[in-house]
Amino acid sequence: MNAFVVNRPELVEATLNKLLTAEHEVTSVVDLAPGFRLLAFSAPALRNRRWTPGHMVQLTFGGWEHRAYTPLSFDALRGEFTFLARLHGQGIASQWFATLKGGERISIGPTRAGLNLTAMQRPLVFFGDETSVSTAAAFRFTDGGFDGVTCVFEADDVEAMKQVLAALNLEALVVERGAAEVVQACRGARDLVLTGRSQSIQRLYKEVKAAHLGLRKITTIAYWSPGKKGMSGVHK
Ligand SMILES: Cc1cc2nc3c(=O)[nH]c(=O)nc-3n(C[C@H](O)[C@H](O)[C@H](O)COP(=O)(O)OP(=O)(O)OC[C@H]3O[C@@H](n4cnc5c(N)ncnc54)[C@H](O)[C@@H]3O)c2cc1C
(Lines give C-alpha, C1' and ligand atoms only; values in the text may rest on other atoms or scores of the structure.)
Protein backbone atom coordinates (compact mmCIF):
# COMPACT_ATOMS: atom_id res chain seq x y z
CA MET A 1 0.00 0.00 0.00
CA ASN A 2 1.51 3.39 -0.88
CA ALA A 3 2.11 6.34 1.49
CA PHE A 4 -0.75 8.34 -0.02
CA VAL A 5 -3.29 5.70 0.96
CA VAL A 6 -1.82 5.19 4.45
CA ASN A 7 -2.18 8.93 5.17
CA ARG A 8 -5.84 8.87 4.14
CA PRO A 9 -7.72 6.58 6.58
CA GLU A 10 -10.98 6.94 4.64
CA LEU A 11 -9.27 5.47 1.56
CA VAL A 12 -7.89 2.57 3.58
CA GLU A 13 -11.41 1.94 4.89
CA ALA A 14 -12.91 2.16 1.40
CA THR A 15 -10.31 -0.27 0.04
CA LEU A 16 -10.84 -2.74 2.87
CA ASN A 17 -14.61 -2.55 2.49
CA LYS A 18 -14.29 -3.26 -1.21
CA LEU A 19 -12.15 -6.32 -0.49
CA LEU A 20 -14.54 -7.60 2.18
CA THR A 21 -17.78 -6.87 0.32
CA ALA A 22 -19.52 -10.05 -0.80
CA GLU A 23 -22.43 -10.99 -3.05
CA HIS A 24 -25.49 -11.91 -0.99
CA GLU A 25 -28.71 -13.57 -2.06
CA VAL A 26 -32.13 -12.49 -0.83
CA THR A 27 -33.45 -15.70 0.75
CA SER A 28 -36.70 -14.53 2.32
CA VAL A 29 -39.10 -11.59 2.03
CA VAL A 30 -41.94 -11.25 4.55
CA ASP A 31 -44.39 -8.33 4.70
CA LEU A 32 -45.03 -7.59 8.37
CA ALA A 33 -47.20 -4.47 7.93
CA PRO A 34 -47.70 -1.71 5.36
CA GLY A 35 -44.25 -0.15 4.80
CA PHE A 36 -42.26 -2.87 6.57
CA ARG A 37 -40.52 -5.94 5.16
CA LEU A 38 -38.49 -8.52 7.05
CA LEU A 39 -35.66 -9.55 4.72
CA ALA A 40 -33.11 -12.36 4.91
CA PHE A 41 -29.76 -12.37 3.08
CA SER A 42 -27.25 -15.17 2.84
CA ALA A 43 -23.69 -15.57 1.59
CA PRO A 44 -21.11 -18.36 2.01
CA ALA A 45 -18.67 -15.68 3.24
CA LEU A 46 -20.88 -15.16 6.33
CA ARG A 47 -20.53 -18.74 7.57
CA ASN A 48 -18.80 -19.06 10.94
CA ARG A 49 -18.51 -15.28 11.25
CA ARG A 50 -19.10 -13.51 14.56
CA TRP A 51 -21.80 -10.87 14.96
CA THR A 52 -22.17 -8.14 17.57
CA PRO A 53 -25.84 -7.19 18.10
CA GLY A 54 -26.28 -3.54 17.09
CA HIS A 55 -23.61 -3.54 14.41
CA MET A 56 -24.75 -2.63 10.91
CA VAL A 57 -24.21 -3.87 7.38
CA GLN A 58 -23.95 -1.67 4.31
CA LEU A 59 -25.76 -2.56 1.10
CA THR A 60 -24.09 -1.29 -2.06
CA PHE A 61 -26.15 -0.04 -4.99
CA GLY A 62 -24.60 0.65 -8.39
CA GLY A 63 -21.10 0.12 -7.00
CA TRP A 64 -20.86 3.26 -4.84
CA GLU A 65 -24.16 4.10 -3.09
CA HIS A 66 -24.11 2.63 0.43
CA ARG A 67 -27.11 2.23 2.75
CA ALA A 68 -26.88 1.09 6.38
CA TYR A 69 -29.15 -1.57 7.93
CA THR A 70 -28.99 -3.39 11.27
CA PRO A 71 -29.35 -7.18 11.44
CA LEU A 72 -31.89 -8.36 13.99
CA SER A 73 -30.67 -11.95 13.80
CA PHE A 74 -27.61 -13.75 12.51
CA ASP A 75 -27.19 -17.46 11.78
CA ALA A 76 -23.48 -18.29 11.50
CA LEU A 77 -24.14 -21.91 10.45
CA ARG A 78 -26.30 -20.96 7.48
CA GLY A 79 -24.39 -17.74 6.77
CA GLU A 80 -27.61 -15.72 6.92
CA PHE A 81 -28.88 -12.57 8.60
CA THR A 82 -32.20 -10.75 8.68
CA PHE A 83 -33.17 -7.11 9.09
CA LEU A 84 -36.39 -5.16 9.14
CA ALA A 85 -36.53 -2.69 6.26
CA ARG A 86 -38.62 0.46 6.38
CA LEU A 87 -40.11 1.21 2.95
CA HIS A 88 -40.44 4.99 2.95
CA GLY A 89 -40.73 5.10 -0.83
CA GLN A 90 -38.20 7.71 -1.93
CA GLY A 91 -34.68 6.24 -1.94
CA ILE A 92 -32.76 3.67 -3.93
CA ALA A 93 -32.81 1.13 -1.08
CA SER A 94 -36.45 1.62 -0.16
CA GLN A 95 -37.53 1.27 -3.79
CA TRP A 96 -35.43 -1.84 -4.29
CA PHE A 97 -36.83 -3.48 -1.14
CA ALA A 98 -40.36 -2.91 -2.44
CA THR A 99 -39.63 -4.97 -5.60
CA LEU A 100 -38.02 -7.98 -3.89
CA LYS A 101 -39.45 -11.46 -4.33
CA GLY A 102 -36.44 -13.56 -3.26
CA GLY A 103 -33.44 -14.80 -5.26
CA GLU A 104 -32.10 -11.31 -6.09
CA ARG A 105 -28.41 -10.61 -5.48
CA ILE A 106 -26.67 -7.60 -3.94
CA SER A 107 -23.22 -6.61 -2.65
CA ILE A 108 -23.10 -6.15 1.10
CA GLY A 109 -20.09 -5.04 3.11
CA PRO A 110 -18.98 -6.64 6.38
CA THR A 111 -20.74 -5.69 9.62
CA ARG A 112 -19.46 -2.40 11.02
CA ALA A 113 -19.66 -0.77 14.40
CA GLY A 114 -22.89 1.11 14.80
CA LEU A 115 -24.11 0.49 18.32
CA ASN A 116 -22.73 -2.27 20.51
CA LEU A 117 -25.82 -3.48 22.37
CA THR A 118 -23.78 -5.94 24.45
CA ALA A 119 -21.80 -3.11 26.09
CA MET A 120 -24.72 -1.01 27.34
CA GLN A 121 -25.52 -0.46 31.01
CA ARG A 122 -29.04 -1.21 32.21
CA PRO A 123 -31.68 -0.08 33.02
CA LEU A 124 -31.69 1.66 29.68
CA VAL A 125 -34.18 3.30 27.38
CA PHE A 126 -33.79 2.70 23.66
CA PHE A 127 -35.55 5.34 21.57
CA GLY A 128 -36.05 5.25 17.82
CA ASP A 129 -38.57 5.05 15.00
CA GLU A 130 -39.49 2.76 12.09
CA THR A 131 -35.81 2.47 11.12
CA SER A 132 -34.74 1.42 14.64
CA VAL A 133 -36.97 -1.60 15.27
CA SER A 134 -34.41 -3.96 13.75
CA THR A 135 -31.72 -2.66 16.11
CA ALA A 136 -33.99 -2.91 19.15
CA ALA A 137 -34.97 -6.48 18.25
CA ALA A 138 -31.28 -7.44 18.31
CA PHE A 139 -31.25 -6.99 22.13
CA ARG A 140 -32.75 -10.50 22.13
CA PHE A 141 -29.27 -11.81 21.28
CA THR A 142 -27.44 -10.00 24.10
CA ASP A 143 -26.70 -11.86 27.36
CA GLY A 144 -29.44 -10.01 29.26
CA GLY A 145 -31.99 -10.16 26.45
CA PHE A 146 -34.58 -7.44 27.05
CA ASP A 147 -34.08 -7.36 30.85
CA GLY A 148 -33.85 -3.73 31.93
CA VAL A 149 -34.43 -2.47 28.37
CA THR A 150 -37.40 -0.20 27.65
CA CYS A 151 -38.06 0.46 23.98
CA VAL A 152 -39.85 3.62 22.90
CA PHE A 153 -40.68 4.28 19.25
CA GLU A 154 -42.17 7.29 17.53
CA ALA A 155 -44.02 6.47 14.33
CA ASP A 156 -45.96 8.09 11.50
CA ASP A 157 -48.41 5.17 11.52
CA VAL A 158 -48.78 3.92 15.09
CA GLU A 159 -51.05 1.01 14.15
CA ALA A 160 -48.65 -0.34 11.50
CA MET A 161 -45.81 -0.02 13.99
CA LYS A 162 -47.74 -1.99 16.62
CA GLN A 163 -48.46 -4.69 14.03
CA VAL A 164 -44.73 -4.99 13.32
CA LEU A 165 -43.79 -5.14 16.99
CA ALA A 166 -46.38 -7.85 17.63
CA ALA A 167 -45.02 -9.90 14.72
CA LEU A 168 -41.51 -9.61 16.16
CA ASN A 169 -42.73 -10.28 19.72
CA LEU A 170 -41.20 -6.99 20.86
CA GLU A 171 -42.75 -4.97 23.70
CA ALA A 172 -42.51 -1.21 23.38
CA LEU A 173 -44.21 2.10 23.98
CA VAL A 174 -45.30 3.53 20.61
CA VAL A 175 -46.13 7.23 20.26
CA GLU A 176 -46.96 9.61 17.42
CA ARG A 177 -43.86 11.20 15.91
CA GLY A 178 -42.80 14.17 18.06
CA ALA A 179 -45.01 13.25 21.05
CA ALA A 180 -43.97 14.74 24.40
CA GLU A 181 -44.35 11.65 26.62
CA VAL A 182 -40.99 10.18 25.57
CA VAL A 183 -39.10 12.23 28.18
CA GLN A 184 -41.27 10.80 30.98
CA ALA A 185 -40.51 7.27 29.76
CA CYS A 186 -36.80 7.96 30.33
CA ARG A 187 -37.20 8.43 34.10
CA GLY A 188 -35.32 5.77 36.07
CA ALA A 189 -33.02 4.84 33.20
CA ARG A 190 -29.26 4.72 33.66
CA ASP A 191 -28.37 4.88 29.97
CA LEU A 192 -30.31 6.37 27.08
CA VAL A 193 -29.84 5.49 23.41
CA LEU A 194 -31.35 7.83 20.82
CA THR A 195 -31.67 6.57 17.23
CA GLY A 196 -33.86 7.28 14.20
CA ARG A 197 -34.61 10.70 12.71
CA SER A 198 -31.88 13.25 13.46
CA GLN A 199 -34.28 16.09 14.33
CA SER A 200 -36.10 13.94 16.90
CA ILE A 201 -32.77 12.95 18.45
CA GLN A 202 -31.67 16.59 18.75
CA ARG A 203 -34.97 17.67 20.32
CA LEU A 204 -35.09 14.78 22.78
CA TYR A 205 -31.46 15.25 23.76
CA LYS A 206 -32.21 18.84 24.77
CA GLU A 207 -35.41 17.84 26.58
CA VAL A 208 -33.83 15.07 28.67
CA LYS A 209 -30.88 17.31 29.57
CA ALA A 210 -33.30 20.03 30.69
CA ALA A 211 -35.30 17.49 32.74
CA HIS A 212 -32.19 16.51 34.84
CA LEU A 213 -33.03 12.81 34.84
CA GLY A 214 -29.66 11.74 36.27
CA LEU A 215 -28.75 9.67 33.22
CA ARG A 216 -25.22 8.23 33.24
CA LYS A 217 -24.76 8.21 29.47
CA ILE A 218 -26.66 9.34 26.38
CA THR A 219 -25.66 7.73 23.08
CA THR A 220 -26.96 9.26 19.86
CA ILE A 221 -26.82 7.81 16.36
CA ALA A 222 -28.89 9.39 13.59
CA TYR A 223 -30.30 6.88 11.08
CA TRP A 224 -31.84 9.36 8.67
CA SER A 225 -32.63 13.01 8.16
CA PRO A 226 -35.10 14.60 5.71
CA GLY A 227 -33.24 15.64 2.56
CA LYS A 228 -30.10 13.61 3.33
CA LYS A 229 -29.19 10.42 1.51
CA GLY A 230 -27.53 7.32 2.92
CA MET A 231 -26.40 8.35 6.41
CA SER A 232 -23.79 5.93 7.78
CA GLY A 233 -24.12 6.60 11.51
CA VAL A 234 -20.36 6.84 11.72
CA HIS A 235 -19.01 10.04 13.26
CA LYS A 236 -16.00 11.21 11.23
C1 LIG B 1 -26.31 2.73 11.52
C2 LIG B 1 -27.63 2.72 10.77
C3 LIG B 1 -28.46 1.62 10.84
C4 LIG B 1 -29.70 1.61 10.17
N5 LIG B 1 -30.51 0.51 10.27
C6 LIG B 1 -31.70 0.49 9.61
C7 LIG B 1 -32.56 -0.67 9.66
O8 LIG B 1 -32.21 -1.71 10.23
N9 LIG B 1 -33.75 -0.61 9.01
C10 LIG B 1 -34.15 0.51 8.29
O11 LIG B 1 -35.25 0.51 7.69
N12 LIG B 1 -33.35 1.61 8.21
C13 LIG B 1 -32.15 1.62 8.84
N14 LIG B 1 -31.34 2.72 8.75
C15 LIG B 1 -31.83 3.88 7.99
C16 LIG B 1 -31.57 3.77 6.49
O17 LIG B 1 -30.20 3.51 6.25
C18 LIG B 1 -31.97 5.12 5.85
O19 LIG B 1 -33.35 5.32 6.00
C20 LIG B 1 -31.54 5.23 4.39
O21 LIG B 1 -31.41 6.59 4.08
C22 LIG B 1 -32.52 4.58 3.42
O23 LIG B 1 -31.95 4.63 2.13
P24 LIG B 1 -32.80 4.98 0.83
O25 LIG B 1 -31.92 4.71 -0.33
O26 LIG B 1 -34.13 4.30 0.91
O27 LIG B 1 -33.07 6.55 0.96
P28 LIG B 1 -31.97 7.70 0.66
O29 LIG B 1 -31.58 7.70 -0.77
O30 LIG B 1 -30.89 7.57 1.68
O31 LIG B 1 -32.82 9.00 0.95
C32 LIG B 1 -33.71 9.56 -0.04
C33 LIG B 1 -34.67 10.49 0.65
O34 LIG B 1 -35.49 9.72 1.54
C35 LIG B 1 -35.46 10.28 2.85
N36 LIG B 1 -35.47 9.18 3.84
C37 LIG B 1 -34.47 8.33 4.14
N38 LIG B 1 -34.86 7.45 5.08
C39 LIG B 1 -36.15 7.76 5.37
C40 LIG B 1 -37.11 7.22 6.27
N41 LIG B 1 -36.84 6.17 7.06
N42 LIG B 1 -38.35 7.77 6.31
C43 LIG B 1 -38.67 8.83 5.51
N44 LIG B 1 -37.79 9.39 4.64
C45 LIG B 1 -36.55 8.86 4.57
C46 LIG B 1 -34.13 11.05 2.89
O47 LIG B 1 -34.20 12.06 3.82
C48 LIG B 1 -33.97 11.55 1.49
O49 LIG B 1 -34.66 12.76 1.33
C50 LIG B 1 -30.11 2.75 9.40
C51 LIG B 1 -29.25 3.85 9.31
C52 LIG B 1 -28.03 3.85 9.98
C53 LIG B 1 -27.15 5.06 9.87
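Which residues are linked in a network of salt bridges? Asp-129, Glu-130, Glu-154, Asp-156, Arg-177, Arg-203 and Glu-207 are. Keep in mind while going through the views that this is a predicted model.

**View 1. Glu-130 and Arg-177, two members of the salt-bridge network.** The side chains of this couple meet in a salt bridge, with 2.7 Å from N to O. Their pairing links distant parts of the chain: Glu-130 sits in the loop between E8 and H4, while Arg-177 belongs to the loop between strand E10 (173-176) and helix H6 (182-185), 47 residues apart. Neither charge is out on the surface, as Glu-130 and Arg-177 are both buried. Side chains of opposite charge can pair when their charged atoms come close. For the wider picture, a search of the whole structure turns up 13 salt bridges.

**View 2. Asp-191 and Arg-216 in a salt bridge.** Here the closest N and O atoms are 3.0 Å apart. Again the pair links distant parts of the chain, with Asp-191 in strand E11 (residues 191-197) and Arg-216 in the loop between helix H7 (198-210) and strand E12 (217-224), 25 residues apart. Asp-191 counts as buried because its relative accessibility is 4%, under the 20% cut-off. Arg-216, with a relative accessible area of 45%, is partly exposed.

**View 3. Arg-37 with its salt-bridge partner Asp-31.** The closest N and O atoms of the two are 2.7 Å apart. Buried or exposed, what is Arg-37? Arg-37 is buried, at 10% relative accessibility. Asp-31 comes in at 52% and so counts as exposed, the cut-off being over 50%.

**View 4. Trp-51 and its surroundings.** Trp-51 is found in the loop between E2 and E3, and its relative accessible area of 15% makes it buried. Leaving out residues up to four places away in sequence, Trp-51 touches Pro-71, Leu-72, Ser-73, Phe-74, Thr-111, Ala-138 and Phe-141. By contrast, Val-164 is 24 Å from Trp-51, C-alpha to C-alpha, and 113 residues away in sequence.

**View 5. Aromatic pairs, of which there are twelve by the ring rule.** One of them joins Trp-51 and Phe-74 in a tilted arrangement, 6.2 Å centre to centre with 35 degrees between the planes. That pair bridges distant parts of the chain, since Trp-51 lies in the loop between strand E2 (36-42) and strand E3 (57-61) and Phe-74 in strand E5 (residues 73-75), 23 residues apart. Phe-126 and Phe-139 make an edge-to-face pair, with 6.0 Å between centres and 85 degrees between planes. Phe-126 is in strand E8 (residues 124-128), and Phe-139 is in the loop between helix H4 (133-137) and strand E9 (149-155). Both of these Phe residues, Phe-126 and Phe-139, are buried.

**View 6. A ring cluster, plus a charge over a ring.** Ring pairs tie Phe-41, Phe-61, Tyr-69, Phe-81, Phe-83, Trp-96 and Phe-97 into a cluster. In a separate detail, Arg-86 lies over the face of Phe-36, at 5.1 Å from the ring centre.

**View 7. Where domain 1 (3-108) meets domain 2 (117-224), as given by the domain assignment.** The domain centres, taken over C-alpha atoms, are 23 Å apart. The contact takes 16 residues from domain 1 and 19 residues from domain 2. About 1400 Å² is buried between the domains, and carbon and sulfur atoms give 72% of that. On the domain 1 side, Leu-32, Pro-53 and Leu-72 supply 36% of the area buried against domain 2, more than any other three residues. How many salt bridges does the rule find across this interface? Zero.

Key: Residues are numbered from 1 along each chain as its sequence is written. This is a predicted model: local features need pLDDT of at least 70, side-chain atom pairs count only at pLDDT 80 or more; totals for chains, interfaces and linings use all residues. Side-chain values use heavy atoms; hydrogens and water are left out. Rings of Phe, Tyr and Trp (its six-membered ring) pair if their centres lie within 6.5 Å; planes under 30 degrees apart count as stacked, over 60 as edge-to-face and the rest as tilted. Helices (H or I, at least four residues) and strands (E, at least two) are DSSP runs, numbered from the N terminus. Buried means under 20% relative accessible area, exposed over 50%, partly exposed in between (1.4 Å probe, protein chains only). A charge sits over a ring if NZ of Lys or CZ of Arg is within 6 Å of the ring centre and within 35 degrees of the ring normal. Domain bounds come from an automatic or database domain assignment. Contact means heavy atoms within 4.5 Å. Buried area is the accessible area (1.4 Å probe) that two parts lose on being put together, summed over both. A salt bridge is a side-chain nitrogen of Lys or Arg within 4 Å of a carboxyl oxygen of Asp or Glu.
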